[in-house]
Amino acid sequence: MYRARKDISQRELARLTHSHPGSVFKWEDGSVVPGVNKLFAIAEALGVTPNDLVGWTAKN
């Protein structure tokens, strides 16, 4: 969802996060969950927060 909004390919996200393109596919289809360090790299590459990626919202 965020990758599509940013209009970047899986290959480009892989390059930005120093990952294999196959890993990006697996993250997106839910078969693999990225580790914390990779989660932060993905968030930075997509211009969102890690909380956005995992669906956590702040409670006020």
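This is a short walk through one predicted model, from the overall fold down to single residues.

Let's start with the fold. The protein chain has 5 helices and 0 strands. Along the sequence the pattern reads α-α-α-α-α. The radius of gyration is 11 Å, and the globule rule gives 10 Å for 60 residues, so the chain is as compact as a globular protein of that length. The C-alpha trace spans about 40 × 20 × 20 Å along its principal axes.

Next, burial and surface. What share of the 60 residues counts as buried? It is 25%. The chain exposes about 4,500 Å². Carbon and sulfur atoms supply 54% of that area.

Now contacts along the sequence. Take the contacts between residues at least 6 apart in sequence. Of these, 33% join residues at least 24 apart.

On to charge. There are 8 positive side chains and 6 negative ones. The centres of the two sets lie 3 Å apart.

How many salt bridges does a search of the whole structure find? It finds 2. I'll take them one at a time.

The pair to begin with is Glu28 and Arg3. Their side chains meet in a salt bridge, at 2.5 Å from N to O. Glu28 sits in helix α3, residues 21-29, and Arg3 in helix α1, residues 2-6, so this pair ties together parts that are 25 residues apart in sequence. Are the two partners buried or exposed? Arg3 counts as buried, because its relative accessibility is 18% and the cut-off for buried is under 20%. Glu28 has 40% relative accessibility, so it counts as partly exposed.

The other pair is Glu12 and Arg15. Here the side chains meet at 2.6 Å, again N to O. Both residues belong to helix α2, residues 10-16. They are 3 residues apart, and therefore separated by about one helical turn. Glu12 is partly exposed, with a relative accessible area of 26%. Arg15 is exposed, at 51%. The cut-off for exposed is over 50%.

Stay in helix α2 for a moment. Leu16 has its place there too. With a relative accessible area of 35%, Leu16 is partly exposed. Which residues does Leu16 touch, leaving aside those up to four places away in sequence? It touches Ile8 and Ala45. Ala45 falls within helix α4, which covers residues 36-46. For a longer reach, look at Leu16 and Asp52. They are 36 residues apart in sequence. In space, C-alpha to C-alpha, they are 18 Å apart.

Now the backbone. Most residues other than glycine have a negative phi. Which way does Asp7 go, positive or negative? Its phi is positive, near 60°, and the residue is not a glycine. Asp7 lies in the loop between α1 and α2. At 69% relative accessibility, Asp7 counts as exposed.

His18 also calls for a look. Its phi is about 55°, a positive value, although His18 is not a glycine. Where is His18 found? It is in the loop between α2 and α3. His18 counts as exposed, at 72% relative accessibility.

From His18 we can step across to Gly47. The two are 29 residues apart along the chain. Their C-alpha atoms are separated by 16 Å. Gly47 is in the loop between α4, residues 36-46, and α5, residues 50-54. Gly47 is exposed as well, with a relative accessible area of 60%.

One more residue, in helix α4. That is Asn37. Asn37 is exposed, with a relative accessible area of 69%. Compare its position with Thr17. Asn37 and Thr17 are 20 residues apart along the chain, and their C-alpha atoms are separated by 9.8 Å.

To wrap up, three points to keep. The predicted chain has 5 helices and 0 strands. The salt bridge between Glu28 and Arg3 ties helix α3 to helix α1, while Glu12 and Arg15 pair up within helix α2. And positive phi values turn up at Asp7 and at His18.

How values were computed. Residues are numbered from 1 along each chain as its sequence is written. This is a predicted model: local features need pLDDT of at least 70, side-chain atom pairs count only at pLDDT 80 or more; totals for chains, interfaces and linings use all residues. Side-chain values use heavy atoms; hydrogens and water are left out. Helices (H or I, at least four residues) and strands (E, at least two) are DSSP runs, numbered from the N terminus. The radius of gyration is taken over C-alpha atoms; the globule rule is 2.2 Å times the number of residues to the power 0.38. Buried means under 20% relative accessible area, exposed over 50%, partly exposed in between (1.4 Å probe, protein chains only). Contact means heavy atoms within 4.5 Å. Accessible areas come from the Shrake-Rupley method with a 1.4 Å probe; for residues, only the protein chains shown count as cover. Lys and Arg count as positive and Asp and Glu as negative; His and the chain ends are not counted. The place of a charge is taken as NZ of Lys, CZ of Arg, CG of Asp or CD of Glu. A salt bridge is a side-chain nitrogen of Lys or Arg within 4 Å of a carboxyl oxygen of Asp or Glu.
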